[in-house]
Amino acid sequence: MTALTADVEPTAAQSLARRLLRRPELGAVAGAAAVFVFFSVVADPFLRAASLGTVLYASSTIGIMAVPVALLMIGGEFDLSAGVMVTSSALVSSMFSYQMTANTWVGVGVSLLVTLALGAFNGILLVRTKLPSFIITLGTFLMLSGLNLGLTKLISGTVSTKHIGDMQGFPTCRDLFASHWTIGSVDLQVTILWWLGLVVVATWVLLRTRAGNWIFAAGGNPEAARAVGVPVARTKVGLYTAVAFCAWISGQHLLFSFDVVQSGEGVGNEFLYIIAAVIGGCLMTGGYGSAVGSAVGAFIFGVTSKGIVYAQWNPDWFTFFLGAMLLLATLLNTFVRRRAEAGR
Amino acid sequence: MTAQDQNTPEEPQGPLVALSGVSKAYGNVLALRDVSLDVHAGEVTCVLGDNGAGKSTLIKIIAGVHPHDSGTYTVAGTPVRHASPREALDHGIATVHQDLAVVPLMPVWRNFFLGSEPVKGRGPLRRLDVATMRATTRTALLRFGIDLRDVDQPIGTLSGGERQCVAIARAVHFGAQVLVLDEPTAALGVRQSGMVLRYVAAARDAGLGVVLITHNPHHAYLVGDRFVLLKRGAMAGSHLKKDITLDALTRQMSGGSELDELTHELSRTPAATGPVAATDPETTA
């Protein structure tokens, strides 16, 4: 009765293996190493230093959104509107600055408020109606993609926004959201910094704050969480606003690196974010996963999408690879979770 | 902070929690009618009843999930009307639900402190006091005789009985004065049930008032001091342990007069009535 666990102490190697198996990122790290080695072998230019910048840039554009989407999935919900919300955020910023002939910083600020409101709308609708997040965000996804096109045509007359490159504030906005610098032969985009910063902050929040504990609990067993006093509804609304905040960062990057925004963009990207999170070890059912895993998932995306280009293959193969990775990663994750949930 | 500080089983005052004439209706359905019960420090009050007797409605009222419609609910003599589980918790009433007590994939120590996490540091550096959380979890469980070598394991890897015990130890650690246990032994085998009942007794001995909801009179009689029987939302009896035997309790619990009827019905001779096969061996007994 006194000792409920086995009496034998595990050896160091055993406990290390056990600790590793308990990490949500395990499958993703193995997968990332595999695709990296694979493309290093089949694509000659892949290992050049210059390629690294390109791969990291591709990873970061997905990774910035994969971080909050992973947090949201750990919290037990989806956001299908995340892809078009990026475009909405860019459109609001661009069109507000242009129409009001305001400093672009004003547009950036207005865009932040609007985007956060969109995220909060998703979250509040979810906790008020208690409908599945799949339905609610599918609804906002469709509404936003319609609004993006409709309002842009109404205001600009075309499907894209006007150039704002010559407007006041543009250069400094560009420095923050779309600058890049060169170290040796590697060209590094500022999005990589945003991405890594978000991963660090999200990991800190998840593992070392009360909010993080609540996110895991809200996804893992909301009733139990509520019963011990965790503000589950507030946690979920917070997660949706976090997705919106990152959509704002991505949207501003889009705007200030290309100067114009195509209003039809972003559709389908929500799945890339979810795939990165799932490959990174997030469970579809919530309660398990990590921000670092989502970053590894995004890195796999970057390596695969650019690796195929460097190998001079038809880019059509990309989705095949992505699908295969997704299936393998999910199988591995399910296996890990069964181990975690199974009785002793 | 822990309940050990107020270890005074012989409390001169009245009950910690008292319900008197409490009723609750869901729409037109009267789920609970005129129910009274007392919970004293260092005692176990058992609520017994069949499925649909109103046990879960009663537990929800005590736990603060639903407020009561009429009657009085007092905590340490003060009338209360809880609007949320949090309010009940603030009054020292902790509830351990049957199957929603824990988050299976979270480590034991995170589960232990869920909703009441200690923090240190300030501003953006405000963070969980992880070392304290781990160490406290270990010692709090040890006090209940649960020796976990690894508090980092997901709580889902523990057995059902162990999980109930962690939830009980948790409530005691956070200074609960009244512990409400919803069918803690319902899904468990004999050995695991024994383990849980032992911790119920340990909580009682630590000076807590315990409300044990169950449909098993044998488990109730082992640890109970008071027994409240519910039947179709109303009280069917209220007894002190000294006034009732296990047999009488079992009998009342299983329906008393209804059981007589059932006995009669089942023992009819095959010749007298029935489609029952004449060779049924039970009927000759």
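A residue counts as buried here if 20 or more other C-beta atoms lie within 10 Å of its own. The views below show a predicted model.

**View 1. Strand β10 of chain B is mostly covered.** The strand spans residues 209–214, and 6 of its 6 residues are buried. In a regular strand, side chains alternate between the two faces of the sheet. In β10(B), one side carries G209(B), V211(B) and I213(B), and the other carries V210(B), L212(B) and T214(B). Every one of these residues is buried, so that both faces of the strand are covered.

**View 2. Strand β3 of chain B pairs with β10(B).** β3(B) covers residues 44–49. The two strands run in the parallel sense and are joined over 5 bridges. One residue pair to locate is V44(B) with V210(B), its bridge partner in β10(B). V210(B) is also one of the buried residues of β10(B), on the side that holds L212(B) and T214(B).

**View 3. Strand β9 of chain B also pairs with β10(B).** β9(B) consists of residues 178–182. Its pairing with β10(B) is parallel and has 5 bridges. Within this pairing, L181(B) stands opposite L212(B) of β10(B). L212(B) is buried, on the side of β10(B) that also holds V210(B).

**View 4. A helix takes part in a β-α-β unit with β9(B) and β10(B).** The helix is α6 of chain B, residues 190–205. Together with β9(B) and β10(B), α6(B) makes a unit of right-handed sense.

**View 5. Chain A meets chain B.** In this contact, 26 residues of chain A touch 29 residues of chain B. On the chain A side, the elements giving two or more residues are α9 (210–220), α10 (222–227) and α14 (317–341). Of these, α9(A) gives the most, with 5 residues. By class, the chain A side has 12 nonpolar, 9 polar and 5 charged residues.

**View 6. Chain A is built from helices and strands.** The chain has 14 helices and 2 strands. Its radius of gyration is 21 Å, close to the 20 Å given by the globule rule for 344 residues, so chain A is as compact as a globular protein of that length. Along the principal axes, the C-alpha atoms fill a box of roughly 75 × 55 × 30 Å. Of the 344 residues of chain A, 49% count as buried. Among contacts in chain A with a separation of 6 or more, 78% are between residues 24 or more positions apart.

Note on methods:
Residues are numbered from 1 along each chain as its sequence is written. Chains are lettered from A and ligands numbered from 1 in the order in which they are written. This is a predicted model: local features need pLDDT of at least 70, side-chain atom pairs count only at pLDDT 80 or more; totals for chains, interfaces and linings use all residues. Two residues are in contact if their C-beta atoms, placed from the backbone, lie within 7 Å. Helices (H or I, at least four residues) and strands (E, at least two) are DSSP runs, numbered from the N terminus. Ala, Val, Leu, Ile, Met, Phe, Trp, Tyr, Cys and Pro count as nonpolar, Asp, Glu, Lys and Arg as charged, and the others, Gly among them, as polar. The radius of gyration is taken over C-alpha atoms; the globule rule is 2.2 Å times the number of residues to the power 0.38. A residue is buried if 20 or more other C-beta atoms lie within 10 Å of its own, exposed if 12 or fewer, and partly exposed in between; C-beta atoms are placed from the backbone. Two strands pair if DSSP finds at least two bridges between them. A crossover is right-handed if, with the strands pointing away from the viewer, the path from the first strand over the helix to the second runs clockwise.
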